[in-house]
Amino acid sequence: MKRNFTLSVLQLFAAALLMVGCNGKTDNAKGENADSMMTFVSDTALYGTVGEGTTMHVLELKTDGGKTLSFEMNTDEESAVQGGVFAGDKVTLTFTENENGEKFIIRMVNLTSLLGKWTSLDRNFKIQEDGAVESEGTAETHPYTQWSMSNAQLILNADTFDVVSLGPDSMSLENDKGIFVYKRQK
């Protein structure tokens, strides 16, 4: 009996040492490198072309995947659709769906309208269709060299912007550093 008691005490002591030794740490795959890993946000936006069946309140989207979908456009919210809605233009959009299966645009950016030369006080660049950005300002310290879209937000190099407004002659972008206004060059 004394031997069993001693063995049980030793087992409890070993278990206590293991718990103290771990001190709430997780394994290496999940814990130690977690701070240095970047968070990946998946792109849930749809990409496609504005269809001929588009009306004042309904967008017909022919997706890059070959589907034709319809979305309700709320004309009361100016910021939902940026760059206009023209048949044949390439667009990206995020949406929500109600319980009846109706799809409503949250944010849409006309990619065709986004292309071209843009200038501001400190930047002068051209957004090209192939994802490249050609900077024309020699004084820029960190010129933009590439662009992409994710979740209907514009990514220039590593900076992510909401497209606040996109018209035929001006564009406003916003991120945590402020609002940036650009004029279209001819």
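These legends accompany several close-up views of a predicted model.

**Figure 1. The whole chain, with its two helices and 14 strands.** Let us start with the overall picture before zooming in. Of the 186 residues in the chain, 28% are buried. The accessible surface comes to about 12,600 Å², and carbon and sulfur atoms account for 55% of that area. How much of the contact list comes from residues 24 or more positions apart? Among contacts with a separation of 6 or more, such pairs make up 39%.

**Figure 2. The largest nonpolar core, a set of 18 residues.** Which residues have the most contacts inside this core? They are Leu114, Trp147, Leu154, Leu156 and Leu173. Several elements give two or more residues each: α2 (111-114), β8 (124-127), β10 (147-150), β11 (153-156), β12 and β13. Strand β12 provides the largest share, with three residues. Pick out Leu114 and look at what surrounds this side chain: leaving aside residues up to four places away in sequence, Leu114 touches Ile127, Trp147, Met149, Leu154, Leu166 and Met171. Elsewhere there is a second, separate core of 10 residues, and its members include Leu61, Phe71, Met73 and Leu93.

**Figure 3. A salt bridge between Asp162 and Arg107.** The structure holds two salt bridges, and this view shows the pair formed by Asp162 and Arg107. The closest N and O atoms of these two residues are 3.0 Å apart. Where do the partners sit along the chain? Asp162 belongs to strand β12 (residues 159-166) and Arg107 to strand β6 (residues 103-110), so the salt bridge links distant parts of the chain, 55 residues apart. Asp162 is partly exposed, with a relative accessible area of 26%. Arg107 is also partly exposed, at 24%.

**Figure 4. A salt bridge between Lys177 and Asp159.** Here the closest N and O atoms are 3.8 Å apart. Lys177 lies in the loop between β13 (170-175) and β14 (178-185), while Asp159 is in strand β12, so this pair ties together parts that are 18 residues apart in sequence. Are the two partners buried or exposed? Lys177 is exposed, because its relative accessible area is 63%, and Asp159 is partly exposed, with a value of 26%.

**Figure 5. Asp89, a buried charged residue with no salt bridge.** Look for Asp89 in the loop between β4 (81-82) and β5 (90-97). What is the nearest side chain of opposite charge? That is Lys90, 9.5 Å away. The side chain of Asp89 does have a polar contact, made with the side chain of Asn110 at 2.9 Å. Not counting residues up to four places away in sequence, Asp89 touches Gly48, Thr49, Val50, Asn110 and Thr112.

**Figure 6. Thr92 in strand β5 and the residues around it.** Thr92 counts as buried because its relative accessible area is 0%. Its side chain reaches the backbone oxygen of Leu46 at 3.1 Å. Setting aside residues up to four places away in sequence, the residues that Thr92 touches are Ala45, Leu46, Tyr47, Arg107, Met108, Val109, Leu111, Met149 and Ala152. You may recognise Arg107 from the salt bridge with Asp162, and Ala152 returns in the next view.

**Figure 7. Ala152 and Asn157, two residues with a positive phi.** What makes a positive phi worth a look? Most residues other than glycine have a negative phi. Ala152 is not a glycine, yet its phi is positive, about 60°. This residue lies in the loop between β10 and β11 and is buried, with 0% relative accessibility. Asn157, which is not a glycine either, has a positive phi of about 55°. Asn157 is placed in the loop between β11 and β12 and is partly exposed, with a relative accessible area of 28%.

**Figure 8. Val41 and Ser150, with C-alpha atoms 8.8 Å apart.** How many residues separate Val41 and Ser150 along the chain? The two are 109 residues apart. Val41 is found in the loop between α1 (2-22) and β1 (46-50). With a relative accessible area of 55%, Val41 is exposed, because that value is over 50%.

Definitions and conventions
Residues are numbered from 1 along each chain as its sequence is written. This is a predicted model: local features need pLDDT of at least 70, side-chain atom pairs count only at pLDDT 80 or more; totals for chains, interfaces and linings use all residues. Side-chain values use heavy atoms; hydrogens and water are left out. Helices (H or I, at least four residues) and strands (E, at least two) are DSSP runs, numbered from the N terminus. Buried means under 20% relative accessible area, exposed over 50%, partly exposed in between (1.4 Å probe, protein chains only). A salt bridge is a side-chain nitrogen of Lys or Arg within 4 Å of a carboxyl oxygen of Asp or Glu. Lys and Arg count as positive and Asp and Glu as negative; His and the chain ends are not counted. A polar contact is a pair of N or O atoms within 3.5 Å; within protein, one must be able to donate a hydrogen and the other to accept it, and residues adjacent in sequence count only if both atoms are side-chain atoms. Contact means heavy atoms within 4.5 Å. Accessible areas come from the Shrake-Rupley method with a 1.4 Å probe; for residues, only the protein chains shown count as cover. A nonpolar core is a set of buried Ala, Val, Leu, Ile, Met, Phe, Trp, Tyr and Cys residues joined through side-chain atoms within 4.5 Å.
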